[in-house]
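User: I would like a close look at one part of this protein, treated in a single connected account. Please concentrate on the place where its domains meet.

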Amino acid sequence: MGTLILAVTALFLYSVGTALQALHFRGRVQSNLAITTLIGILALIAHGLLIAQTVHMDGGFDLSFFKSSVLISWLIVFLLLGLNLTKPVASLFLGAYPIAALTIVMALITHTPSRLVPDQSYGMLSHIALSVTAYSLFTLAAIQAVLLYFQNRQLKHNYNSLLVRNLPPLQTMESLLFEMVWAGVVLLVLAIVTGAVFIEDLFAQDLAHKTLFSMLSLMVFIGLLVGRYTKGWRGMTASRWTLAGCALLMLAFYGSKFVLELLFQRGG
């Protein structure tokens with residue numbers, strides 16, 4: 001199937017999914033788990049086939065700036081669909097689906113130098129798999145943190161908005177956020193450990209910047225978890241720390257890629 005057809009199909013399905021979730025948020029339609037899951041799975045299939053044609057190449061994987069973004073957004077939707085089967089996280093689709101659609105569009109209309117990771121580099125591929133999964137989970141945590149921040153703020157002002165009426169109770173939102181952070185920290189630690197084992201020269205491979213900001217991000221998330229269990233941090237404080245850690249993590253991944261590939265036009 002052609003790349004353009006797959007892209008249009010995925011974009012259409014993500015648009016439908018976003019529209020349905022928005023209508024549910026406004027109270028226009030009833031939420032239906034089966035329909036939500038079906039649309040998400042069909043979108044994932046089209047998205048995944050698109051990845052097979054654009055990211056996977058002869059001899060390896062092209063993990064350049066926009067190509068890797070398509071992969072990460074696929075993982076975000078995949079994780080969210082899985083979580084939605086048992087957790088009240090349907091509101092996150094309003095952020096995840098547009099992000100996925102945007103990465104597909106950008107991957108098709110832009111061109112950056114390829115950064116090929118060979119198929120035989122199993123150690124590096126395991127490090128990359130753990131890293132992108134951690135990035136995906138922390139992206140969901142960032143969306144959750146934004147919703148929690150505004151929910152907390154509006155509840156403090158006794159403002160009965162659409163957001164407050166549609167989101168789960170505040171305690172549930174906070175529990176979901178910390179579950180995501182815990183899982184993300186475990187994955188990020190594993191990613192850093194595998195990177196230390198399989199990356200031979202940080203400076204030769206332009207990874208010193210990424211490693212530094214990843215470590216800073218990890219320290220922020222660990223600080224958040226410590227604060228949660230020793231000082232009872234919650235609400236806006238938890239949201240701010242989560243967003244700060246996610247910002248550092250995004251700088252680690254996208255910051256270095258942006259400078260190397262888009263500014264200096266360096267491939268690999």
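How many salt bridges does the rule find across the interface of domain 1 and domain 2?

Analyst: The model is a predicted one, and in it the rule finds 1 salt bridge across the interface of domain 1 and domain 2. A salt bridge is formed between lysine 87 and glutamate 179, whose closest N and O atoms lie 3.2 Å apart. Lysine 87 falls within domain 1, which spans 1–113, and glutamate 179 within domain 2, which spans 121–267. The 3.2 Å separation satisfies the criterion, because a side-chain nitrogen of Lys or Arg must be within 4 Å of a carboxyl oxygen of Asp or Glu.

Polar contact across the interface of the two domains, with both partners at pLDDT 80 or more, is found for 2 residue pairs. On the side of domain 1 that touches domain 2, at least two residues each are supplied by helix 1 (3–25), helix 3 (65–84) and helix 4 (93–109). Helix 3 provides the largest share of that side, with 10 residues. Sorted by class, the side of domain 1 that touches domain 2 holds 17 nonpolar residues, alongside 7 polar and 2 charged ones.

The overall dimensions of the interface complete the account. Taken over C-alpha atoms, the centres of domain 1 and domain 2 are separated by 20 Å. Domain 1 contributes 26 residues to the contact, and domain 2 contributes 30. About 2,400 Å² is buried between domain 1 and domain 2, and carbon and sulfur atoms give 78% of that area.

Note on methods
Residues are numbered from 1 along each chain as its sequence is written. This is a predicted model: local features need pLDDT of at least 70, side-chain atom pairs count only at pLDDT 80 or more; totals for chains, interfaces and linings use all residues. Side-chain values use heavy atoms; hydrogens and water are left out. Domain bounds come from an automatic or database domain assignment. Contact means heavy atoms within 4.5 Å. Buried area is the accessible area (1.4 Å probe) that two parts lose on being put together, summed over both. A polar contact is a pair of N or O atoms within 3.5 Å; within protein, one must be able to donate a hydrogen and the other to accept it, and residues adjacent in sequence count only if both atoms are side-chain atoms. Helices (H or I, at least four residues) and strands (E, at least two) are DSSP runs, numbered from the N terminus. Ala, Val, Leu, Ile, Met, Phe, Trp, Tyr, Cys and Pro count as nonpolar, Asp, Glu, Lys and Arg as charged, and the others, Gly among them, as polar.
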